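This report looks at how parts of one protein chain pack together and at where open space is left around them. Please keep the sequence and the structure in view while reading.

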Amino acid sequence: MADSEPASARSDLERDFGTHGEIVMPGDAQPPILTPPVRAALHQWLFEMNAETELRAVGLKPRSRCLLSGPPGCGKTTLAHHITARLGVPMLVIQSHEIVGMYLGQSGSRIGKMFRQARRDRYGVALFFDEFDALAKKREGLGSQGADNERANITIALLQELDRFDGLLFAATNVTKEIDAAIWRRFQMQIEIGLPGPAERYAIVKMYLAPFEVADDAVGAIAAALDGAAPSLIKEGCEAIKRSMVLGPKMGLPTDLPSIMDRFANSASASEGMPEPALWSARRSVLADLAQVEWLA
Ligand SMILES: Nc1ncnc2c1ncn2[C@@H]1O[C@H](COP(=O)(O)OP(=O)(O)OP(=O)(O)O)[C@@H](O)[C@H]1O
Ligand SMILES: [Mg+2]
């Protein structure tokens, strides 16, 4: 559907699913830069989904439910969007905590309604549950009243719906150990997306610095400065660099690399609970390294 998407598809989907979450379309997806193991898992899965006939001949179906885990900003949503785009289907992004929070006492029926709509949907919409732990927490230790009862109902509704749903389904979480074991088992795939390694970090910096053409040494030094950062923070850093290059001279700000990165470090930081990347934990030596590289012409 990506190229020949009818103009009405998005508005049809928003009409049908707007109360449940946000619709993202195939044409808006960006490919994430992934570590080799995640890339291999993705490649295998896409291959499998394109080989449905062969699999059915031996009584198998392509896997369709994937649990994505990993720290914030490493690409869980981006990856799910990319996969659904590769398959040409739109994706409904559901904020799990909104289902629990907004409709206390009715979450189970709300979940049922959403899945029914998805099963009827003619565009084959994929479902993406963000912050899935908010919805699928372990049931151990739950009582039988109020909020506990509500939690148990949610889990039961989810289990039933996961068994019935044939379409593509993703869930994302930062805390896999909190997911209910029975729900966990319904996911045929669990992919962990961790922080990027040096090669991925370099590629991410290069991608987000475009259209600026930056010397390889400078890309390497910027990537080293952001050692330990999630891709989302690396992207912010690259955007800060580009912003400074465009606006710095007009604002009378220095546009040498150490000054830009120092200003960036003063105005951004890693997510709560994440380790500090090099630019923050060893700022002085990182800025000294950045001062050594040949930057833009
Ligand atoms: N692996 C990646 N390669 C390139 N860009 C990435 C990657 N991961 C994240 N980004 C960029 O960082 C931003 C945040 O990514 P995304 O929302 O996918 O992270 P997430 O893992 O879903 O985070 P959260 O746990 O907060 O929901 C996006 O703009 C995306 O383009
Ligand atoms: Mg996300």
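## Two helices that cross

In this predicted model, helix 9 and helix 10 lie roughly perpendicular to each other, because angles from 65 to 115 degrees are counted in that class. The angle at which helix 9 (residues 198-209) packs against helix 10 (residues 216-225) is about 115°, and their axes are 9 Å apart. The crossing in which helix 9 passes helix 10 is right-handed.

On the side of helix 9, the contact is made by Arg201, Tyr202, Val205, Lys206 and Leu209, while helix 10 brings Asp216, Val219, Gly220, Ile222 and Ala223 to it. When the residues of this contact are sorted by class, six are nonpolar, one is polar and three are charged.

## The loop between them, and another loop

The loop that runs between helix 9 and helix 10 contains Pro211. The peptide bond that joins Ala210 to Pro211 is cis, with an omega of about 10°.

A further backbone detail is found at Glu131, which sits in the loop between strand 4 (126-130) and helix 7. The phi angle of Glu131 is near 45°, which is a positive value in a residue other than glycine.

## The largest pocket

How is empty space found in a model made of atoms? A probe the size of a water molecule is rolled over the atoms, and this shows where such space is left.

The largest pocket has a volume of about 510 Å³. Its lining is made up of 22 residues, and those nearest the centre of the pocket are Glu52, Ser64, Asp166, Gly167 and Leu168. Among the contributors to this lining are helix 3 (52-57), helix 6 (107-120) and helix 7 (146-164), each of which supplies at least two residues. By class, the lining of the largest pocket holds eight nonpolar, four polar and 10 charged residues.

## The second largest pocket

The second largest pocket encloses about 400 Å³ of space. It is lined by 21 residues, of which Pro32, Gly75, Thr78, Tyr208 and Lys235 lie nearest its centre. Two or more residues of this lining come from each of helix 4 (76-86), strand 3 (91-95), helix 9 and helix 11 (231-251). Helix 9 therefore has a part both in the crossing with helix 10 and in the lining of this pocket.

Which classes of residue line the second largest pocket? The lining divides into 12 nonpolar, seven polar and two charged residues.

How values were computed
Residues numbered from 1 in each chain as written. Chains lettered and ligands numbered in written order. Predicted model: local features only at pLDDT ≥ 70, side-chain atom pairs only at ≥ 80, totals over all residues. Heavy atoms only, no water. Axes fitted to C-alpha atoms, helices over the stretch in contact; angles between N-to-C directions. Helix = DSSP H or I, 4+ residues; strand = E, 2+ residues; numbered from the N terminus. Parallel < 35°, antiparallel > 145°, perpendicular 65-115°, else oblique. Left-handed = near helix turned anticlockwise from the far one by under 90°. Contact = heavy atoms within 4.5 Å. Nonpolar A, V, L, I, M, F, W, Y, C, P; charged D, E, K, R; others polar. 1 Å grid on protein atoms, 1.4 Å probe; cavity = no way out; pocket = protein on both sides within 12 Å on 5 of 7 lines; lining within 4 Å. Points joined across faces, edges and corners; volume = space filled by probe spheres on them.
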